[in-house]
Amino acid sequence: MRVRNKQTIKVKTIFMVVLIFSPFAFFTAFGMKVSRTYEDILSFQYDVGPPVAAEDFLYPAANYTRLDEMARVYDYYFEENHLPLNYTATVTYVDENYTDVAAYHFSDNGALWTGIPMAGWVFHYVAAINEGNATDAAYALEVITRMVNGFSMLMIVPNGGLGPDYPGILARGWAGPQHKEIHPYIFQDHIRHYNGTGDYSDYRWRGHTSNDEYGGFYLGLAACLKYIDDPYVVYTVGMIVEQLANYMKETNFLGINGPGGPSGVEQKARIYAGGVWVTLLLKMAAMVNSAEYEQDYYHYVAAEMGSLAIAEGGEAETMANYYALNFAHCVVFGFLLLEGTESDIGRHYYTHYIDTLRHYTEYHRNAWFNVIFLALSADPGDFPLIERDIEDQLMRMQINHFPDRHYPLIEIPDSYERNQEILDIEAELKNHKWWTLYKLAFIETDWDEIYYTKPLTVEYMRSAHYMWEKNPWESGYGYNNTLDEEPGATFFTPYWIGRAFGFIQPLGVREI
């Protein structure tokens, strides 16, 4: 009897253990299945590999003289028509003379779409200095000065002034009472629209600012800090940086919205990721005011997970939020420009950039991501295929994006095959008994798009504020209206970075 009781107790114990741990076993198995599925579904972006020969390029021998001509046209229209309030807007022209603007269209991301062009103009300035062209340098500096003014107003209007004595809320956009014809929308009632503060109470600004905005804003500021010594730019950028850094420290690096509550922005490091944002902000602040912020910078890197959680972006963004890869590149590029890759800190952050963000996007044929890699990693000639790929994409802009208007797209040819593996995996998941759980695990995955087995080049992609934030693996949509013009940064930002670092030559033709 005793033996039987012991056996019964043993069986009951085993049963209880199995009962207790069975949910963990289930979720472990489910998690492993999700992980394997993600690995399978995202493998296409690595399988394609890089362009490997001249025949992979439409323009294997880039015409540098033609690229310079194109850059001057994009630059002219940007400076002439796309900075009505000294931050970026798209335009609709009255007619095909392309001289008179019928309407300005301000996006929801004024800081982002001014920060990235700001980087382009800063490197335009650097290229002009390198080439000994004082007239061109003065032209670039004039445009930079205007954008710095626009940047400052994105801080002044919400907070009532500029500098660390004021709060540091960043606006998505702004307009004064004298600008109602230029920016009428911001004077309409909207949950994101607020009156300004203090002397700017009759101004309007747009809030609910996201990390997209901060990414471009930080890059523009970092580029100016690194390369521009003009007194107005140095002073104004310094005041903006201190205002941001001081306020972000007070809010524990949370973004604050118009009514005073959190905006959803969170810039502190998370587990394994997100550590570049605060690092970049404090690096800028330490450069402006070392006595006040240098200790904070080193403390954050060493003791607040800054150096442990420095992965940015994710490979899943190729089927989810591709635009996140853009502003991840903004903060990584901005930080490594300032810190450099020679110091222990710089080398550490650079290594993680190569292992994560660069790894995820290496074969996307994205001229913006590629030129950042070259600027941080190489001398001219070290990666000739990447140089040629950048040049090829920029040369292709003249097909139906030059100037940067909404010309008709070219039909995607049969040489682009639809990704059948994604369709097969989607069908398998939807027919699986765990589909309800899978929907949660893949909640951000965009199954509705058509994905291809190789990235689209620019002539098959629609015009946009910045084409390089659009997913090259999926078929997009476009509309035809040649009176609508985008800012042109899609061309001039990677172009001037490449030229400033010597990867793109001012004149001539590339030798094959």
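Helices here are DSSP runs of H or I at least four residues long, strands are runs of E with at least two, and both are numbered from the N terminus. Keep in mind that you're working with a predicted model.

**Exercise 1. A proline and its peptide bond**

Find the loop that holds Pro403, then work out the state of the peptide bond from Phe402 to Pro403.

Solution. Step one: go to the stretch between α13 (384–400) and β8 (405–406), since the loop there is the place of Pro403. Step two: check omega for the bond from Phe402 to Pro403, which comes out near -15°. That peptide bond is cis.

**Exercise 2. Two neighbours with positive phi**

Look at Asn252 and Phe253 in turn, and decide for each whether the residue is buried, partly exposed or exposed.

Solution. Start with the backbone. Asn252 has phi near 60°, a positive value in a residue that isn't glycine. Phe253 isn't a glycine either, yet its phi is positive too, at about 65°. Next, the location: Asn252 sits in the loop between α7 (231–250) and β6 (254–256), and Phe253 is also placed in the loop between α7 and β6. Now accessibility. Asn252 has a relative accessible area of 43%, so this residue is partly exposed. Phe253 has 9%, which falls under the 20% cut-off, so Phe253 counts as buried.

**Exercise 3. Sorting aromatic pairs**

Count the aromatic pairs, then classify the Tyr194 and Trp205 pair.

Solution. The count comes to 36 aromatic pairs. One of them joins Tyr194 and Trp205, with 5.0 Å from centre to centre and 35° between the planes. An angle under 30 degrees would be stacked and one over 60 edge-to-face, so this pair is tilted. What does the pair tie together? Tyr194 belongs to strand β4 (residues 193–195) and Trp205 to strand β5 (residues 204–206), so the pair links parts that are 11 residues apart in sequence. Tyr194 is buried at 16% relative accessibility, and Trp205 is buried at 3%.

Now try the rings of Tyr214 and Tyr218: their centres are 5.8 Å apart and their planes meet at 65°, so they form an edge-to-face pair. Both residues lie in helix α6 (residues 211–227), four residues apart, which is about one turn of the helix. Both are buried.

To finish, trace the ring pairs that link Trp113, Phe123, Tyr227, Phe333, Trp368, Tyr466 and Phe501, and you'll have a cluster.

**Exercise 4. Charges over rings**

Which rings have Lys180 and Arg405 over their faces?

Solution. Take the lysine to begin with: Lys180 lies over the face of Phe187, 5.3 Å from the ring centre. Then the arginine: Arg405 lies over the face of Tyr77, 5.0 Å from the ring centre.

**Exercise 5. A helix crossing**

Describe how helix α3 and helix α5 pack, giving the angle and the distance between their axes, and then sort the contact by class.

Solution. Helix α3 covers residues 64–81 and helix α5 residues 134–159; they pack at about 35°, with axes 11 Å apart. The crossing of α3 and α5 is left-handed. From α3, the contact uses Arg72, Asp75, Tyr76, Phe78 and Glu79; α5 brings Asp136, Tyr139, Glu142, Val143, Arg146 and Met147. Sort these by class and you get five nonpolar, six charged and no polar residues.

**Exercise 6. Buried spots and their partners**

For Ala119, Val122 and Tyr87, work out the burial and the contacts, leaving aside residues up to four places away in sequence.

Solution. Ala119 is in helix α4 (residues 110–130) and is buried at 0% relative accessibility. Ala119 touches Leu219 and Ala223. Ala223 is 104 residues away in sequence, but the C-alpha atoms of Ala119 and Ala223 are 5.8 Å apart.

Val122 is in helix α4 too, and its relative accessible area of 0% makes it buried. Its contacts are Ile144, Ala223, Cys224, Tyr227 and Ile228. Between Val122 and Ile144, 22 residues apart along the chain, the C-alpha separation is 6.9 Å.

Tyr87 sits in the loop between α3 and β1 (90–93) and counts as buried at 1%. Tyr87 touches several residues, among them His82, Phe106, Trp174 and His183. For Tyr87 and Gly115, 28 residues apart in sequence, the C-alpha distance is 8.9 Å.

How values were computed:
Residues numbered from 1 in each chain as written. Predicted model: local features only at pLDDT ≥ 70, side-chain atom pairs only at ≥ 80, totals over all residues. Heavy atoms only, no water. Phe/Tyr/Trp six-rings, centres within 6.5 Å; stacked < 30°, edge-to-face > 60°. Buried < 20%, exposed > 50% of the residue type's maximum accessible area, 1.4 Å probe, protein only. Lys NZ or Arg CZ within 6 Å of the ring centre and 35° of its normal. Axes fitted to C-alpha atoms, helices over the stretch in contact; angles between N-to-C directions. Left-handed = near helix turned anticlockwise from the far one by under 90°. Contact = heavy atoms within 4.5 Å. Nonpolar A, V, L, I, M, F, W, Y, C, P; charged D, E, K, R; others polar.
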